[in-house]
Amino acid sequence: MPRVLLIATAALLVLGIPVAFGGTQADPGITPTSIHIGGTVPLSGSAQAFQSVAKGADAYFKYVNARGGVNKRKINYEYLDDQYIPSETVRQTRVLVEDKDVFAIFNSLGTEQNEATRPYLNTKDVPQLFVATGGTTFGRDRQQYPWTIAYQPTYIAEGAMYGSYIRRTQPKAKIAILYQDDSYGGDLVKGLERGLGPRKSNIVSRVSYSATDDNVQSQIARLRSSKAGILMLFATPKFVIQAYQYVNGLGWKPKIFVNAVSSASNVMVLSSSQGKNKRVEGSISIVFLKDPNDPKWAKDPAVLLYRKIMKKYARGSNIKDVYNLYGMSVAFTFVDALKHAGKSPTRASLMRAATHLNERNNPFLLPRMSVRTTSTDHYPLDQARLQRWHNGRWISFGGLLKARS
Amino acid sequence: MTEFLQQVVAGLASGSIYALLALGIVIIYRSTGIVNFAQGEMATFTTFIAWTLVDHGLGYWAAFPLTLLIAFAGGIALERTIVRRVEGGPVITAVILTIGLFILLGGLSNWIWKAEVRSFPPDRPFPTSAWDLGGVAISKQDAGILAITVVLVVALWALFQLTKLGLALRASALNPTASRLVGIRVGWMLALGWGLAAALGAVAGLFTAAASPPLDPNMMRPVLIYALAAAVLGGLESPVGAIIGGLAIGVLLNLVVTYDTHIHLDLDRMRIPIAFLMILIVLLVRPSGLLGRSVVRRV
Amino acid sequence: MSRLTTVRAAVTAVALLAGIVLMYFAPHADRIGYIKGAQLGTYFIAILGLNIVTGYTGQISLGHGAFMAIGGYTTAILVSEHGVRDLWTIPIAALVAGLAGFIVGVPALRLSGLYLALATFGLALAMPAILSWDKLDAVTKSGHEIQLFNSPHLIGKGFEDVHFLGRTLPFNHAVYYLTWGIALVLLVVAWLILRGAPGRAFRAVRDSELAATSSGVHVATYKTLAFAISAAYAGIAGSLFVIALAFADPQSFPATLSLTLLVGAAVAGLGSLWGVLAGAAFVQFLPDFAVHISKAQGVPDTVYGAALILIVLLLPTGVAGGLRRALSPLTTRLYTRSQS
C-alpha cells in the first residue's frame, strides 16, 4: 500500500519535526567559562550595509576572548539576519531567547525592529542592551521598559544640534528637508524644529521618501524648486549618495547637513565622486566616534587597535567602514557593563550595571566623551561634536556639545 | 509649469531604464513565450561584472560594450542550457524556473560581490552638470541616458526590420514550425532573443547604477516591477508598447507623487501600487495591453 | 469516486490525526521545533489553498501572499483595536480574505495565463505599500505595525502558558496544535470539495474551458469560487501567522512570499493534495538547510535557487507527480481500475 506508506511518512514528519529539533534545556546563556549573547542585524536586504555594527563588535569580542575574556568567561556573540523586517526581528529574537538561550540581546539594529521585540523582551526579563538605533523612545520610555537601554545620541538630539547651529549662524536661511518617512526621519525633523525654536518657520519644504523607493530624484527636484539655501539630508547612505548626485546634477548649490547615520567617510567619498561633486564640500554633520579614515586619528592608539583587531579577527571586511568601529565601541561598553555585573552575573545584575555606567575610557569615542547612565538616565551617549567636510575629510569644530532630547 | 516639466524630464530618464528592461522582457516573451522574472537580477549580475572589469583597470567606455557582449553570451547560454527545457511546456513550469533564476542570480551577486557600498561608475562617465532651460534643469546624465536608449532602440528596430537575421528572428517567434521548414535554425534564434534581452538588461543595469547609486545587489528590484508594468501596459508582445509604457510609467509616477501635495492622498509610498493599478486598469479594459494584438481564439 | 480513494483519504486523515495526538504526549521536545512546525502548518494551509485555484482551475496566482496579509491584518486589527478574541478572528479573517479573493477573481476572468500571473504579482507587490498607507490609519489606528504581544485577547498573551482541557501548554505548543488542527480540518474540507461536484467542475475548467462550457459548467462561477476559497485558506494561514508571532507589519508579507507559495504548490505537484506537505516542507526547510551549509552572504539564496531550478528540470510535475510516476508500476499492478 504505497499511498499509505506516504501517509505514514507524512504523519511521522508532523510528529517528528519538534522532536527532530529537540534539544536539552539549558541555562540562560551563562556558564563559568562562557556567556552567550545574541542580536539581530540586516544581513540581507536593503539595509544590509549596516551589518558591520555586528561584525565590528564580534571582532572586538574575539580580541577580548583571546585575552582571557571577562572574569574568565569568553563572550559568544551570535547575530541573526532579520532582513530589516520587524516581524522577522521578532521571530529571530525568539529563536535567540527560546532556542539558543542567550543571556541577553545585544546590539540589535533598527528602530521599528527593536520596538517590535521590546515588549516581549521586557516581559521575559531579558536585557535588551545598547540597541543600534537613535530612536528616542528607547531612552525615554525606561519606566515602561526597564530592560531596554539605548546607546548612540538620539535622532531628536542630533536634529536639535543642527537646529541650534543654524539658528546661531544662519537665522534667516530657508531650509529644505529630505527625510525618510519613518520615526528615524521623523525624529530628526522633530529635533531640528526643536533646535530652530522660533526660526522653525524657515523650513520651506519638507519632502519624504520611503525606504522601498528606488531613487529620490523627483524628491530632490521638488526640494530644489523651493529655492532653499540649506538642505537637510535625513536619509540613509544609499539615498544620501543619490541626493548629492541629483543636487549636483540639477545645478542647485545649497549648504548641506547630513545625518550621522550616513556621514561615514566612505559614504562621503562616494558621494563626492572622486572629488568631482563639489556639493559635498562644506557639508555638516555630527560625530561621536573616531573616524578611522581621518588622518587626524591615523596614529591614535584606538584607531591602531581597531586596525589590528580588524586585520586579525575580521579578515575580508572593509576597514574603511565606520560601522565596524561603532561596533567596537558598543562592544567595549558591553564588556565594561559585564565587568561590573559581578563574578556571577545574572540578567538583573547585568542590567543594573548597564544602567549605572560611568565609562570614561572608551577609546573609540572622541576624547573627553563619557558613557554615563543612571536609573533615571537611559541615554548612554549624549554628547557629540559638529564636523564639517572639507577637502575629503571630516574636521570637527566647536566643542563637545550636549546632545540631549 | 517649470516644476511640471522638471518632473517630466526626470521621469523620461528613469522611464528609459524601465523601457530598456521592458523591451528585454517583451523580446523574450515574443520568442519563447516566457515572462522572465529574472530579467532584473540578470541585469544586476552583469552590472557587477562591469564593475569588476573597471575595478581591474578597464575604462568605463571600454567595459560598457564588453559587458554587453558578456551579457549577450550569457543570455544565449542560459537559453540553450536551461530555458529550452521548459519552452512549450506548461506556463507554471516556466514561471517557477525564472523565479528560481531570480533567486539564484540574486544570491550569486550577493555572494561574489557582497554588500559593500560602492559607487559605479567611480568616474562619472557623463558630465555631472546640467543645462538650464528656462528654470528646468536637464542633467547631462539624464540626457545621455535618453540618447543612448534612443540609439539602441533604433538599432534594434533596424536589426529586426531591415536585416535577414531580424526576419529570421521574427519568423521564429511567429511560427516556429514554418520557420524550420524554410531552414531557419529556430533554436538558435530563440537563444539570440535571450542574448539580446540580456544585453538590454545589462544596459538598464549600468544606467541604474549611474542614475540611482550606489551599486547594490537589490537595485533592480523596483526597476523590474516598473518594467513588468511597462511590458504589460504596452502588451507583452509589443516592443513599441514596452518603450512607450516604460516612458509613460516613469513620467506618470513622478507626476502623481509630485502633485499629491495638492490632492493629499499621502502617495509618497504608493509608487508601486500606482504602477500596479495602472496595469490592472489597462488589462481590464484591453486584456492584451494597449498595443498588443487582440488574441482571438479559434473555437 | 472509487472506494479505494475513500479508503486512502480516511487513512491519511487518521494518520495525521494520530500524529498530532501523539505529539501531545511526546517527550519534551525543544521549543523551537514547535515554532517551526507551526510555520510549516501555515505554509501547508496557504499552499493547499493556492493549489485549489492554480492546480485545479489552472489560474496562476502570484498574489496569495496578499491574501495572507489581508487575513493576518484582519486578525491583528480585530484583536488590537476591537478586543476580539484571537481565535474568533480566524473565521472572520477567512471571510474577509475570501471576499477579497472573490473580488480579485472577477476581473481575473478576463485575464489568462501569464497576464493573470502578472496582475496577481502586482497585487502582491502592492500589498505591503498599501498596508503602509497613511490614509488607512483610520482603520489600523495603531499605525502600520501592530503589536499584539501582551494583548489579553491573545491565547497565551505574552507567550504565557495556555490552559486547555485541564492541561497547561506552553504557548509554542498551543500554536503548533492550533495550526495543525486547523490544517487537518482544512485538508478534509478541501478533499471533500474537490472530490465532489465543484472539484469535477474545477478540473473541467482547467482542462478545457470550452469543453466545460459545452457540458453546462458555468465557468465564471467556478473560477471565482476557486479564487474565493483559496483566498480564504490563505487568509486563515495569515491569521495563524500573526497569532503565532503576536505581531503584524506590512513587510511580513512581501512579494517574495507569494513567489514562495507558488513554488511550494509547484513542488507539491499541482492538482493533487498529497504532495502539499512536501511542498510546504520544501519552502520551509530548504532555506534553513541552505543557511546550515554556509552563513556567508548570498550562499543560502544561491543554494535555494539552484535547488529550485533542479526540481523544475527534473521533477516538472512536482513531488506528487514524481511519486505517482515512481509508484505507478506498483499501483498499476495491484489495482487494475483506472485512478481518478
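This short talk walks through confidence, chain contacts, domains and helix packing in a predicted model of a complex.

Before I begin, a word on conventions: residues are numbered from 1 along each chain as its sequence is written, while chains are lettered from A and ligands numbered from 1 in the order in which they are written. Since what we have is a predicted model, local features need pLDDT of at least 70 and side-chain atom pairs count only at pLDDT 80 or more, whereas totals for chains, interfaces and linings use all residues.

Let me start with confidence. For the complex, the predictor gives an ipTM of 0.85 and a pTM of 0.86. Chain A has a mean pLDDT (the predictor's confidence in each residue, from 0 to 100) of 88, with 93% of its residues at 70 or more. Even so, over residues 18-27 of chain A the pLDDT stays under 50, and for that stretch the model has 20 contacts beyond four places in sequence, a contact being a pair of residues whose C-beta atoms, placed from the backbone, lie within 7 Å.

In chain C, the mean pLDDT is 79, and 76% of the residues reach 70 or more. Among the elements of chain C, helix α10 (residues 219-245) has the highest mean pLDDT, 92, and helix α1 (residues 3-25) the lowest, 54; by helices and strands I mean DSSP runs, H or I of at least four residues for helices and E of at least two for strands, numbered from the N terminus. The pLDDT is below 50 over residues 25-29 of chain C, a stretch with 5 contacts in the model beyond near neighbours in sequence. Residues 335-340 of chain C likewise stay under 50, and there the model has 5 contacts beyond four places in sequence.

Now to the contacts between chains. Where chain B touches chain A, 34 residues come from chain B and 34 residues from chain A. On the chain B side, the elements that give two or more residues are α1 (2-32), β1 (130-133), β2 (136-139), α9 (220-234) and α10 (239-263) of chain B, and the largest share, 5 residues, comes from α1(B). That side of chain B divides into 12 nonpolar, 13 polar and 9 charged residues, where Ala, Val, Leu, Ile, Met, Phe, Trp, Tyr, Cys and Pro count as nonpolar, Asp, Glu, Lys and Arg as charged, and the others, Gly among them, as polar.

The contact between chain C and chain B takes 42 residues from chain C and 41 residues from chain B. Here the elements giving two or more residues on the chain C side are α5 (113-131), α11 (255-268) and α13 (299-314) of chain C, with α5(C) giving the most, 12 residues. By class, this side of chain C has 30 nonpolar, 8 polar and 4 charged residues.

Turning inside chain A, the domain assignment (its bounds come from an automatic or database domain assignment) gives domain 1 (26-153 + 297-373) and domain 2 (155-287 + 387-395). The C-alpha centres of these two domains of chain A lie 29 Å apart, and 13 residues of domain 1 are in contact with 14 residues of domain 2. On the domain 1 side, α4 (111-123) and α12 (322-339) of chain A are the elements that give two or more residues, and that side holds 5 nonpolar, 5 polar and 3 charged residues.

Finally, helix packing, with axes fitted as lines to C-alpha atoms, for helices over the stretch in contact, and angles running from 0 to 180 degrees between N-to-C directions. In chain A, helix α2 (residues 52-66) and helix α11 (residues 301-313) have axes that come within 9 Å and cross at roughly 90 degrees, which makes α2(A) roughly perpendicular to α11(A); angles under 35 degrees count as roughly parallel, over 145 as roughly antiparallel, 65 to 115 as roughly perpendicular and the rest as oblique. A:Ala59, A:Tyr60, A:Lys62 and A:Tyr63 of α2(A) meet A:Ile309, A:Met310 and A:Tyr313 of α11(A), and this contact has 6 nonpolar, no polar and 1 charged residues.

In chain B, α1(B) and α9(B) pack at about 65 degrees with their axes 8 Å apart. Residues that meet there include B:Ile17 and B:Leu21 in α1(B) and B:Val223 and B:Leu224 in α9(B), and the contact has 14 nonpolar, no polar and no charged residues.

Technical notes. Two residues are in contact if their C-beta atoms, placed from the backbone, lie within 7 Å.
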